[in-house]
Amino acid sequence: MAQPLEKVDRRDAKLALAHLFVAFAALALGGFAGLLQTLVRSGKFELPAGISYYTILTTHGVLLGLVLTTFFIIGFQFAAVSRTTGALSDGSRRLGWIGFWMMTSGTACTAFFILTGQASVLYTFYAPLQAHAGFYIGLALVVVGSWVSGFAMFAHYARWRKTHRGQVSPLLAFMSVTNMVLWLVCSLGVAATVVFQLIPWSLGLTDRVNVLLSRTLFWYFGHPLVYFWLLPAYMVWYAVIPKVIGGKMFSDSLARLAFILFLLFSIPVGFHHQLLEPGISPFWKYVQVVLTFMVIIPSLMTAFAMFATFESYGRSQGATGLFGWLRKLPWSDARFFAPFVGMLFFIPAGTGGIINASHQLNQVVHNTIWVTGHFHLTVATTVVLTFFGASYWLIPHLTGRVMTKAMNRLAIIQTIVWAVGMTFMSGSMHFAGLLGAPRRSAFSTYGNSPQALEWIPYQIAQAVGGTILFIGIILILVIVINLAFFAPKGETEFPVAEAAAPYERAALALENWKLWIGLVVALILIAYTVPIVDIIQNAPPGSKGYKLW
């Protein structure tokens, strides 16, 4: 296999950095909105100037759940593809910039209508809540822009394979393409509901909307979206962290197989978010719950591979005993420490996901703030801490700078602050959810109901955690600004690990894209064709739009 290039091309670095800067701007604004949310829910703070709680809730969800993640992922993946398969062609780079500006203009459009109080429809924008048409148009631009960027990556990957016939593609390039295939297929659902249902409805071209169809199309997208966020974190775990610690990747083929399994089983599972939704046959809910549990397999494969990598490295350094290898890991290196803490949080996060997907246990936690707590463990901790850890080498690599010891110490502190804040906030959300506290709601005692009064101490704990997390956001912004503009000039490595077994024929077999995409389409058709036909054929008259703000 050809040796990967050592650096990201300077022109590609500018494209990647543009995405990262928008991502961290979204973190700043969305994080501030999140702080205000937790303060309001504590019952000790009221928003000034008549600002609606649901406006800041929508701001927080859209900016952090969609904008931060999508921009960071695409920027990281452009850098990864350039680093491992060579500089992008002029055509691919041009497509990347077109995609970036479409996404950025769409984000600005969407944010305008949220912040002006015309789109307080929350992150899920469930019908029959109706936003201004500009909100939906902005979202459509973000999605279509991401597709353009995806096609840029596909074209570059295809060009590399054409000139390297019979060779296994670099792992990071393979993973980036897999993730963009997942994104393209799953985002067709949200694009369909936005373009064909919600935009005409919000413009008054149609009077009513099929609510169940719109929610089904959203969750066709909404759950694989979680894996679109998670797989780039896995890219860092599999392909970067072994190099950071000085070891080797446990298995290249295992990593590729895990990504293919995520591609197969993450999309046809949206009904497990709709287990209490009337109008969907219990049989099809059961089918999708079974497919949901299949996703556990690549997650466990990843856990095994990562801890095997850590133990192998520790043993190579002379570690003895059952857990002696733990002492050999580079705990003082923020590039390792932040993602490792994210891995640890993924243990309770994954357990909570199994509970959410179980038909019986879901009855207890459905639509409670437990689900919000789970969401913050998976995305806002596991994924985000890994993104932070990646930024500590990615941004200086792209800007031609080096991370100082002082910034590394600050990054270690930031990780600890984030972990403490999330333990308070997410932990209290889980406990309050078990007591029945609802999600998506501002502070209320519900007429001094005894049950609601039980939630208040947990809501105060959420505010404490949210405040600590906001301190963590300030710290990461200080670090990112330093790495981008003020750190000393120098060379920072884009670390890419070698596999313990340098060449495995199984890896080449896993690049049969016609087979895998064909299987994905088949699974989607099996899981969704009959239910969606039934939803359309037996639809009630539909709902008019409601604006409750």
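**Exercise 1. Work out whether the end-to-end distance of helix 13 agrees with its expected span.**

Solution. Helices in this predicted model are DSSP runs of H or I with at least four residues, strands are runs of E with at least two, and both are numbered from the N terminus. Helix 13 covers residues 405-434, which makes 30 residues. The expected span is 1.5 Å times one less than the number of residues, so helix 13 should span 44 Å. Its end C-alpha atoms lie 43 Å apart, and therefore the two values agree. After helix 13 comes Gly 436, with a positive phi near 95°.

The following conventions apply to every exercise: residues are numbered from 1 along each chain as its sequence is written, and side-chain values use heavy atoms, with hydrogens and water left out. Because the model is predicted, local features need pLDDT of at least 70 and side-chain atom pairs count only at pLDDT 80 or more, while totals for chains, interfaces and linings use all residues.

**Exercise 2. Describe helix 5 by its span, its bend and its burial.**

Solution. For the span, the 32 residues of helix 5 should cover 46 Å at 1.5 Å a residue, and the end C-alpha atoms are 44 Å apart, which agrees. For the bend, which is the angle between axes fitted to the seven residues ending at a residue and the seven starting there, helix 5 turns by about 35° at Val 194. For burial, the classes are buried (under 20% relative accessible area), exposed (over 50%) and partly exposed (in between), with a 1.4 Å probe and protein chains only. By these cut-offs 27 of the 32 residues of helix 5 are buried, so that helix 5 is mostly covered. Just after helix 5, Gly 204 has a positive phi of about 80°.

**Exercise 3. Characterise the backbone of the loop between helix 3 and helix 4 at Phe 125 and Pro 128.**

Solution. Most residues other than glycine have a negative phi, and most peptide bonds are trans. Phe 125, in this loop, has a positive phi near 35°. Its relative accessibility is 6%, so Phe 125 counts as buried. Pro 128 lies in the loop as well, and a cis peptide bond with omega of about 15° joins Ala 127 to Pro 128.

A further positive phi, of about 60°, belongs to Asn 367, which sits in the loop between helix 11 (359-365) and helix 12 (369-399). Asn 367 is partly exposed because its relative accessible area is 39%.

**Exercise 4. Find how many cavities of 30 Å³ or more the model holds, and describe the lining of the largest cavity.**

Solution. On a 1 Å grid over the protein atoms alone, a cavity is a set of points where a 1.4 Å probe fits but cannot get out, and lining residues have an atom within 4 Å of a point. Grid points are joined across faces, edges and corners, and a volume is the space filled by probe spheres set on the points. This rule gives three cavities of 30 Å³ or more, and the largest holds about 170 Å³. It is lined by 17 residues, of which Leu 66, Leu 139, Ala 140, Val 142 and Val 143 are the closest to its centre. Helix 2 (53-85), helix 3 (90-115), helix 4 (133-163) and helix 5 (171-202) each give two or more residues to this lining. The lining has 13 nonpolar residues (Ala, Val, Leu, Ile, Met, Phe, Trp, Tyr, Cys and Pro), four polar and no charged ones; Asp, Glu, Lys and Arg count as charged, and the others, Gly among them, as polar.

Methods. 1 Å grid on protein atoms, 1.4 Å probe; cavity = no way out; pocket = protein on both sides within 12 Å on 5 of 7 lines; lining within 4 Å.
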